[in-house]
Amino acid sequence: MPSFIDRFVALYASVEERPLSLSLSLSGCASLVSAASTANHFDPLVNCVPIHIIQGCIEFGTFLRIGFSSKGVEVMFYGAVVWDPWLIVAQIVSLQCLYYLSLGVFMEILVGTRVSRMSLVYFFDYSTVAASTVTGWCVIASFILGSISGAVFMVYLIERAKKCLDFSATLYIIHLLICIMYGGWPSSITWWVVNGTGVAVMALLGEYLCIRRELREIPISRYRSNV
């Protein structure tokens, strides 16, 4: 049976044909370190992924993802294999604040031009989310655009596609709690449809954008010139 290194070399040799990506665990990084120090065909790879970076991944328990393509090599680092509650709280708070900031911008553009005075009613009162008036449709459009913005924010705050659903659901659960405290339990079907759509849009679009970011190609001219 081919070893890890043999499979890795086979993947590396086929980069002219199609883009590839490989996620390395700690044992994989260790094997790569030992192989890179003895195998000549790893020299171009070592030039793009320094051994001290891979060794650092082993030391700090970080997962390393190396993406290959005909244009170059991309290295991405996944978080340390520890549960960091403070990081999670910071991500939740940051995402929530950025979501409301973008929602406020869209509200000001779409709703602010139609009402005499903007207030938190349009953010947290379920009665304003209505399909029976033009202003209500502007509120609905603002929430949908806000969910799209939230998906973009997750690309930079969360980075991992598999976490997008969790953070999207958390954001809207917090929004639901604030709405309950502000104006009572939402009894409008329209409100539930709009926010349910918002969760789906944010989660699915966030996953898509994160996956695109993980698999994107980064041209490295020096890499090709040294091969």
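**Exercise 1. Work out what share of the chain is buried, and how the chain is built overall.**

Solution. Start with burial: 39% of the 227 residues of the protein chain count as buried, where buried is under 20% relative accessible area, exposed is over 50%, and partly exposed is in between (1.4 Å probe, protein chains only). This is a predicted model, so local features need pLDDT of at least 70 and side-chain atom pairs count only at pLDDT 80 or more, while totals for chains, interfaces and linings use all residues. Residues are numbered from 1 along each chain as its sequence is written, and side-chain values use heavy atoms, with hydrogens and water left out.

Next, the surface. The accessible surface of the protein chain comes to about 12,300 Å², and 65% of that belongs to carbon and sulfur atoms; the areas come from the Shrake-Rupley method with a 1.4 Å probe, and for residues only the protein chains shown count as cover.

Then the secondary structure: 10 helices and 3 strands, in the order α-β-α-α-α-β-β-α-α-α-α-α-α. Helices (H or I, at least four residues) and strands (E, at least two) are DSSP runs, numbered from the N terminus.

Last, contacts, meaning heavy atoms within 4.5 Å. Among contacts with a separation of 6 or more, 70% are between residues 24 or more positions apart.

**Exercise 2. Check the spans of helices α7 and α9 against what 1.5 Å a residue predicts.**

Solution. The expected span is 1.5 Å times one less than the number of residues. Take α7, residues 134–157: its 24 residues reach 34 Å from first C-alpha to last, close to the 34 Å expected. Right after α7 comes Glu159, with a positive phi near 75°.

Now α9, residues 189–215. Its 27 residues should span 39 Å, and the end C-alpha atoms are 39 Å apart, so the two agree. At the start of α9, a side-chain oxygen of Ser188 gets to within 3.3 Å of the backbone nitrogen of Thr190.

**Exercise 3. Hold the "transmembrane region" annotation up against the model.**

Solution. According to the unreviewed UniProt entry, this annotation covers residues 75–101, 134–158, 165–185 and 191–211. The positions are in the numbering used here, feature names are shortened, and annotations may be inferred rather than shown by experiment. Two of these spans can be checked directly:

- Residues 134–158 are 96% helix and 0% strand, with end C-alpha atoms 35 Å apart.
- Residues 165–185 are 90% helix and 0% strand, with end C-alpha atoms 24 Å apart.

**Exercise 4. What surrounds Ser168, and what does Ser149 touch?**

Solution. Ser168 first: this residue sits in helix α8 (residues 164–183) and counts as buried because its relative accessibility is 0%. Leaving out residues up to four places away in sequence, Ser168 touches Met154, Val199, Met202 and Ala203. The side chain of Ser168 also reaches the backbone nitrogen of Ala203 at 3.5 Å. That's a polar contact: a pair of N or O atoms within 3.5 Å, where within protein one must be able to donate a hydrogen and the other to accept it, and residues adjacent in sequence count only if both atoms are side-chain atoms. On the α9 side, Met202 and Ala203 are among the buried residues.

Ser149 is in α7 and is buried, at 14% relative accessible area. With the same sequence neighbours left out, Ser149 touches Ser102 and Phe106.

**Exercise 5. Trace the aromatic pairs around Trp192.**

Solution. Rings of Phe, Tyr and Trp (its six-membered ring) pair if their centres lie within 6.5 Å; planes under 30 degrees apart are stacked, over 60 edge-to-face, and the rest tilted. The whole structure has 7 such pairs. Trp185 and Trp192 make a tilted one, 5.4 Å centre to centre with 45° between the planes. Trp191 and Trp192 make an edge-to-face one, at 5.0 Å and 85°.

Now add exposure: Trp185 is exposed at 54%, Trp192 is partly exposed at 36%, and Trp191 is buried at 3%.

Finally, place Trp185. This residue is in the loop between α8 and α9 and touches Tyr126, Ile180 and Trp192, not counting residues up to four places away in sequence. Trp185 and Asp125 are 60 residues apart in sequence, yet 9.6 Å apart C-alpha to C-alpha.
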